[in-house]
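Okay, thanks for making room for me today. I'd like to walk through the empty spaces in this one, then a surface patch and a couple of odd backbone angles. Here it comes on the screen.

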Amino acid sequence: MTLPGFDSEILRRIRSEWFGNVRGDVLAGLVVALALIPEAIAFSIIAGVDPAVGLYASFSIAVLIAFTGGRPGMISAATAATAVLMVTLVRDHGLQYLLAATVLAGLLQIGAGVLKLGFVMRFVSRSVLTGFVNALAILIFLAQIPELTNVSWVTYAMVAGGLAIIYGFPYLTKAIPSPLICIVVLTGLAIWLGLDVRTVSDMGELPSTLPMFLIPDIPFNFETLMIILPYSAAVAMVGLLESLLTAQIVDDLTDTPSDRNRECIGQGIANTATGFIGGMAGCAMIGQSIINIKSGGRGRLSTLMAGLFLLFMILVLGDWVGLIPMPALVAIMIMVSIGTFSWRSVKNLRDHPKSSSFVMIATVATVIFSHNLAIGVGVGVLLSGIFFAWRVSRNFAVTTIASEDGRERTYIVTGQLFFASSEDFIKAFDFREALDKVTIDLSAAHIWDLSSVAAIDMAVLKFRREGAEVEIKGMNDASRTLVDRLGIHDQPGALERLMGH
């Protein structure tokens, strides 16, 4: 029985996304919450703000995205990718401007979702996605190095023991996530034996009160907008890019689809609201999302519980949470980096096309050296486009047939005529040949852009300049429409205009 006005399909989806895996989602949410605490504190330090700013943001974003996001089971919170973009703003103008920039970034993301800009993900090739994943895996591992430098042998022993638990416990039972067992066991050992290792409390003081609604204390004028807009635009772009790429990865891991435009809107709502409770901007987190999936989390409930558990632990169990040894969390993040890295991509370097391998490696290298995901992915997408255009242009050809008396010639064009093949198109013609008539047959070709139209104009006008009659035939409807709209070869003074440009 369904309630009046409710579609049965909507109710089925709600049950599936929220209550289809209650036990697994709750336990996974607990594990994720424990992993979020030190990272939220660390990201706050990166941005130059109090740890409470990152912790409140992680709670708020996780809870809100559980309801508004387009990818069930994906974890969003405060991240390094957005924190590093705010460093200069905080240093020059203070926390209040960061909060205002967070609100504006959220509004920009909502706008992107309303405009349905999620489609841009179709331009991210598999090679770029693999490079993105591998780069993040390397960065996650490198982020653990400070916790493994200038420390006692006890720390190394605990990390090794944590990894043994994480990978060995599932052979006994998968009923309880092994990362959770790792945290419980290593925390118990550290307290019982009084081990001298860094703990969560060493990362920074945990807040003891609930976040409160506040309006950023800034001047509401055009000058303020010009200060925060560049930061907000950068955060909005990087946040959506990382969120949509992470959603694609979770799609692949779970064999389920996500709603990209809804995710854009959801990220925007979460960031906008977070700015009003004293939190910094965030986005999806690939590390925590993989922890969630590998711990059994699949639905929206896991994301919600991660946020609620996080708030409960920092407010109620703050003293106990502060005792968690960092080696336990380092072991979990090493597990994440190992599980995130696409080891098959290394094996496939020799088998895959060289261009695809180069794009993947270039994406990894750019992300690692710039520590900027947007730049790395941008380089990968650019290289993918260049290689794609080059490959398509190689499949372009022009053949020619002359009449028996040699006074007429037909040029048969095959393939895609666009900016990368327009030069080969022009080179295929012999404009000095004395002809009465030239036919350019485009039946097996397609015209794509202004460069190709300009090439056709140039060919027609040069032949006419030599006294030949020119006929263009075989264009499909789309090509004919483009040539009719942009072509100038039938206009007075066309050759002079074309040569002048």
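So, one convention before the element names start flying: helices (H or I, at least four residues) and strands (E, at least two) are DSSP runs, numbered from the N terminus. This is a predicted model, where local features need pLDDT of at least 70, side-chain atom pairs count only at pLDDT 80 or more, and totals for chains, interfaces and linings use all residues. Residues are numbered from 1 along each chain as its sequence is written, and side-chain values use heavy atoms, with hydrogens and water left out.

Now, the holes. Rolling a probe the size of a water molecule over the atoms shows where empty space is left. Here that's done on a 1 Å grid over the protein atoms alone: a cavity is a set of points where a 1.4 Å probe fits but cannot get out, a pocket is an open set with protein on both sides within 12 Å along at least five of seven lines, and lining residues have an atom within 4 Å of a point. Points are joined across faces, edges and corners, and the volume is the space filled by probe spheres set on them.

Let me start with the closed kind. There's one cavity of 30 Å³ or more, and the volume of the largest cavity is about 60 Å³. It has 13 lining residues, with Ile-65, Ala-66, Arg-71, Met-74 and Thr-303 nearest its centre. Helices α3 (51–68), α11 (260–275) and α13 (300–315) each put at least two residues into that lining. By class we get four nonpolar, six polar and three charged, where nonpolar is Ala, Val, Leu, Ile, Met, Phe, Trp, Tyr, Cys and Pro, charged is Asp, Glu, Lys and Arg, and the others, Gly among them, are polar.

On to the open ones. The largest pocket holds about 880 Å³ of space. Its lining counts 35 residues, and the closest to the centre are Glu-39, Phe-43, Ala-80, Leu-139 and Ala-143. Elements giving two or more residues include α4 (80–83), α7 (126–142) and α10 (222–254), but α2 gives the most, with six. The class split of this lining is 25 nonpolar, six polar and four charged.

And the second largest pocket? That one is about 550 Å³, lined by 23 residues, with Arg-126, Thr-130, Val-133, Ser-342 and Ser-345 closest to the centre. Here α7 has the largest share, five residues. The classes come out as nine nonpolar, ten polar and four charged.

Right, outside now. Ile-191, Phe-312, Val-316, Leu-317, Trp-320 and Leu-323 make a nonpolar surface patch with about 590 Å² of accessible area together. Patches take residues with over 30% relative accessible area and no salt bridge, joining like charges within 9 Å and nonpolar side chains (Val, Leu, Ile, Met, Phe, Trp, Tyr) within 5 Å. A salt bridge here is a side-chain nitrogen of Lys or Arg within 4 Å of a carboxyl oxygen of Asp or Glu. Areas are Shrake-Rupley with a 1.4 Å probe, and for residues only the protein chains shown count as cover.

Last bit, the backbone. Most residues other than glycine have a negative phi. Lys-116, though not a glycine, has a positive phi of about 60°, and it sits in the loop between α6 (95–114) and α7. Asn-150 also has a positive phi, near 55°, in the loop between α7 and α8 (153–168).
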